[in-house]
Amino acid sequence: MATDNRPLSPHLQVYRWQITSVLSILHRITGVGLAVGAIVFAYWLNAAGYGADAFARAQAVLGTWVGVVLLVGWTFALFYHLLNGIRHLFWDAGMGFELSQVRASGWTVVVGAAVLTAITWAVVWNTAGGAG
Amino acid sequence: MSLQTDLARVRGLGSAKEGTGHWWAQRLTAVALVPLGIWFVFAAVSLAGADLGEFRAWLTVPYNLILMVLLTGVLFHHMQLGMQVVFEDYIHSERSKTVVLILNRFIAVILGVSCIIALLRVAFGG
């Protein structure tokens with residue numbers, strides 16, 4: 001099929017960034033990031049199934065500073081994808097389509113994900129005494 | 001026997017009538033993952049730094065094991081559905097797309113099944 005040389009419509013970079021489009025692509029980016037996190041989740045559980053040493057190693061790897069940085073990222077990705085997913089489900093039900101509502105729900109999702117991430121890690125550091 | 005051609009017979013019937021199947025499965029798994037995901041955050045926080053003995057003790061609480069198995073199954077199904085859409089959007093060669101979509105399914109099933117077996121081994125095994 002000779003489809004390679006067709007003229008293209010203007011690409012993403014000619015458009016002004018808007019909260020609606022940024023949050024839309026962020027839903028996909030966090031989804032792909034969480035798929036990578038799911039592989040680490042599978043490693044963690046399979047290490048537990050393998051034995052005490054393997055599980056201790058997995059816990060230690062996740063407790064290094066690189067591991068903790070990644071886990072904080074996955075925590076934010078999880079909360080963002082979860083809250084924005086609920087926003088999508090409301091749209092699927094036909095609710096919240098006014099532009100003012102879309103902007104308000106979008107900012108709610110961003111602030112909510114940041115606050116929930118901060119609370120989660122505050123709890124981790126207070127209960128585990130700094131161990132990730 | 002009808003004298004209609006195959007094309008005439010299927011015109012207007014839509015595709016295989018499964019066009020909403022993927023969409024609906026994605027929403028169903030999303031709805032299920034809202035409570036399961038929130039619960040898992042609490043679970044993961046309580047398991048930070050745990051050794052295998054503590055993890056096993058936590059998993060022998062029946063509802064913890066049930067929720068972990070449910071979470072794992074739904075999570076990898078939702079992951080497979082979401083990644084499928086991403087691959088369909090960005091891979092334009094039919095051959096590569098088919099190969100990647102097959103691998104996507106295989107990997108999701110392997111990860112999900114291995115996790116569930118690992119959970120059962122920890123909970124019931126020695």
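## Pockets and a helix pair in a predicted model

Fifty residues would be a long list to name, but of the 50 that line the largest pocket, A:Leu34, A:Trp74, A:Leu78, A:His81 and B:Leu75 are the ones that lie nearest its centre. The structure is a predicted model, and the volume of this largest pocket comes to about 1,500 Å³. Helices of both chains take part in the lining, since at least two residues each are supplied by α1 (19–50), α2 (52–63), α3 (65–92) and α4 (99–128) of chain A and by α2 (21–46) and α4 (62–90) of chain B. Among these, α1(A) gives the most to the lining of the largest pocket, namely 12 residues.

The second largest pocket is lined by A:Leu12, A:Tyr15, A:Arg16, A:Trp17, A:Gln18, A:Ser21, A:Val22, A:Ser24 and A:Ile25, and it holds about 270 Å³ of space. The table sets out the two linings by class.

| Pocket | Nonpolar | Polar | Charged |
|---|---|---|---|
| Largest pocket | 31 residues | 16 residues | 3 residues |
| Second largest pocket | 5 residues | 3 residues | 1 residue |

Two of the helices that contribute to the lining of the largest pocket, α2 (21–46) and α4 (62–90) of chain B, can also be described as a pair. How do the axes of α2(B) and α4(B) cross, and within what distance do they come? The axes come within 9 Å and cross at roughly 140°, which means that α2(B) is oblique to α4(B), given that only angles over 145 degrees count as roughly antiparallel. The crossing of α2(B) and α4(B) is left-handed, and the residues of their contact comprise 15 nonpolar and 8 polar ones, with no charged residue.

Notes:
Residues are numbered from 1 along each chain as its sequence is written. Chains are lettered from A and ligands numbered from 1 in the order in which they are written. This is a predicted model: local features need pLDDT of at least 70, side-chain atom pairs count only at pLDDT 80 or more; totals for chains, interfaces and linings use all residues. Side-chain values use heavy atoms; hydrogens and water are left out. On a 1 Å grid over the protein atoms alone, a cavity is a set of points where a 1.4 Å probe fits but cannot get out, and a pocket is an open set with protein on both sides within 12 Å along at least five of seven lines; lining residues have an atom within 4 Å of a point. Grid points are joined across faces, edges and corners, and a volume is the space filled by probe spheres set on the points. Helices (H or I, at least four residues) and strands (E, at least two) are DSSP runs, numbered from the N terminus. Ala, Val, Leu, Ile, Met, Phe, Trp, Tyr, Cys and Pro count as nonpolar, Asp, Glu, Lys and Arg as charged, and the others, Gly among them, as polar. Axes are lines fitted to C-alpha atoms, for helices over the stretch in contact, and angles run from 0 to 180 degrees between N-to-C directions. Angles under 35 degrees count as roughly parallel, over 145 as roughly antiparallel, 65 to 115 as roughly perpendicular and the rest as oblique. A crossing is left-handed if the near helix is turned anticlockwise from the far one by less than a right angle, and right-handed if clockwise.
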